[in-house]
Amino acid sequence: MRKVELSGLTGIRFYAALVVFLYHVPNFIPGMKAFGGSSVLFNSGDLGVSFFFVLSGFILTYNYANVFREGLCAASYKQFLWDRLTKIYPVHFLTLLIVLPIAIFSPHLPLDWRALPFHLVLLQCFWPLPTPAFSDYLNKPSWSISCEWFFYLLAPAAMFFVMGKSRRWVPVVVAVGYAGGLGLFLYFVSRFAPSRFIEFLVGVFLARVFLTSSERKLAGVSGVAQAAGIVLIIAGALYAPYAAWPLLGGGLLYVPGSALLILGLAYGGGFLATHLSRPLLKRLGIASFSFYLIHEPLLRSVKGVCLFFGWAVHSWLAFGAVLVSMFAVAQTAAFLICYCYEIPLQKRLRIVDMSQFRRDLAWSSPKGAG
């Protein structure tokens, strides 16, 4: 089901995760907010998440468009969900186990035990009510993983409608427009997965543009798209403090820039795409999911130690040292989790399921059913 890897889009995942990391560091380590709290560089966490949502829609459509273009098969749908679950759940479960004792003994936010089952089954952002806000407990970055799980449930249908040769995409646009408007309203009271589906759907449509456009046409706009995307993203980050809620909290502020940057990098031309395709950036990009989920539990652990001993950052030198040290620790942990746990377990789980998938696919075909 995989096509040729778009290396630039693998490398960019590291920088998207790094933006989220930089947003969280000053908010956890005592004293650091006084130095980095007002900088755009340390206040753009929404950018990283919104970029991931658009990229997810693009990459999944790029890899699975041929599977769901002509219809939805029960066996293919089941295999798709299993592939996605084996990608996100092992690291989610591991980091949940790591953060659980930290959350239990946290003096600042007592754990609401009702949140635990929602996190275990990735439903913390399927809850539309303002209280209790289950996504605020345990490993908070996993709220976006809950949203991704919601996207995965709808992704095959979205691909079927969007990638069809006829105007099958028209009803999905109308339905998503209605649901998105409702979701944006409900997002005012909590993080609500349907409100972020618009970003994922932009990625699906973007993949349609990429897959149906000629290579020559894309080559002509690749560099321009990358440059325009970066400019729009930077402009969005600078404008964010003044942006109305739906643009910032709903993720829409960064969608145009993210879409252009992803489309430009997908072709692979230019200095930026070459840089992102380097072996080190590729390895960092592959480990970005583990980095994204492990960095906050580590930051919370260090925060607890600092509060216990009364430590705090009081100088720019200490700020830089703590920032570099925390990155090194989080990145090392991410590499270990990714290459020693995430990828090996993912391969093992997918191998176990492939035999069942082949039996299901044979049974669902006319020959197998007969």
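This is a short walk through one protein model, from its overall make-up down to a few individual residues.

Before anything else, please keep in mind that what we are looking at is a predicted model, and that the values I will quote are computed from it. Let me begin with the whole chain. The secondary structure comes to 16 helices and 0 strands, and of the 370 residues in the protein, 49% count as buried. If we take contacts between residues at least 6 apart in sequence, 80% of them join residues at least 24 apart.

Turning to the interior, the largest nonpolar core has 85 residues, and those with the most contacts inside that core are Leu 9, Ile 12, Phe 21, Phe 58, Phe 80, Ile 262 and Leu 323. There is also a second, separate core, of 10 residues, which includes Leu 100, Leu 111, Leu 116 and Phe 134. To give one example from the larger set, Leu 9 touches Leu 55, Phe 58, Ile 59, Ile 262, Leu 265 and Ala 266, once residues up to four places away in sequence are set aside.

Next, a pair of helices. How do the axes of helix H4 and helix H14 cross? Helix H4, residues 74–104, and helix H14, residues 288–309, have axes that come within 10 Å and cross at roughly 0°, which makes H4 roughly parallel to H14. On the H4 side the contact is made by Lys 87, Ile 88, Val 91, His 92, Thr 95, Ile 98, Val 99, Ile 102 and Ala 103, while H14 contributes Phe 289, Ser 290, Leu 293, Ile 294, Pro 297, Arg 300 and Ser 301.

I would now like to spend some time on the loop between helix H5, residues 115–120, and helix H6, residues 142–163, where Gln 124 is found. Is Gln 124 buried or exposed? With a relative accessible area of 1%, Gln 124 is buried, and its side chain has polar partners there: a polar contact of 3.4 Å joins the side chains of Gln 124 and His 119, and another, of 3.0 Å, links the side chain of Gln 124 to that of Ser 142. Leaving out residues up to four places away in sequence, the residues that Gln 124 touches are His 92, Phe 118, His 119, Phe 134, Ser 135, Ser 142, Trp 143 and Ser 146. His 92 in that list is a residue we have already met, on the H4 side of the contact with H14, and Phe 134 belongs to the second core.

The loop between H5 and H6 also holds Leu 122 and Leu 138. Leu 122 has a positive phi of about 60° although it is not a glycine, and Leu 138, likewise not a glycine, has a positive phi of about 60°. Leu 122 is buried, with a relative accessible area of 1%, and Leu 138 also counts as buried, at 1% relative accessibility.

Moving on into helix H6, we find Ser 144, which is buried with a relative accessible area of 4%. Ser 144 and Gln 124 are 20 residues apart along the chain, and their C-alpha atoms are separated by 9.6 Å. Again without residues up to four places away in sequence, Ser 144 touches Val 49, Phe 53 and Tyr 292, and with Tyr 292 there is a polar contact between the two side chains, at 2.7 Å.

A word on the cysteines. A search of the whole structure finds 0 disulfides, and Cys 125 is accordingly in none, the nearest cysteine sulfur being that of Cys 147, 4.3 Å away. Why is there no bond between Cys 147 and Cys 125? The two sulfurs, at 4.3 Å, are too far apart for a bond, since a disulfide requires a pair of cysteine sulfur atoms within 2.5 Å. Cys 125 is buried, with a relative accessible area of 0%, and Cys 147 is buried as well, also at 0%.

I will finish with Thr 274, which is found in helix H12, residues 271–276. Thr 274 is partly exposed, with a relative accessible area of 45%, and a polar atom of its side chain lies 2.9 Å from the backbone oxygen of Gly 270. Thr 274 and Gly 11 are 263 residues apart along the chain, yet their C-alpha atoms are separated by 9.8 Å.

Definitions and conventions. Residues are numbered from 1 along each chain as its sequence is written. This is a predicted model: local features need pLDDT of at least 70, side-chain atom pairs count only at pLDDT 80 or more; totals for chains, interfaces and linings use all residues. Side-chain values use heavy atoms; hydrogens and water are left out. Buried means under 20% relative accessible area, exposed over 50%, partly exposed in between (1.4 Å probe, protein chains only). Helices (H or I, at least four residues) and strands (E, at least two) are DSSP runs, numbered from the N terminus. A polar contact is a pair of N or O atoms within 3.5 Å; within protein, one must be able to donate a hydrogen and the other to accept it, and residues adjacent in sequence count only if both atoms are side-chain atoms. Contact means heavy atoms within 4.5 Å. A nonpolar core is a set of buried Ala, Val, Leu, Ile, Met, Phe, Trp, Tyr and Cys residues joined through side-chain atoms within 4.5 Å. Axes are lines fitted to C-alpha atoms, for helices over the stretch in contact, and angles run from 0 to 180 degrees between N-to-C directions. Angles under 35 degrees count as roughly parallel, over 145 as roughly antiparallel, 65 to 115 as roughly perpendicular and the rest as oblique.
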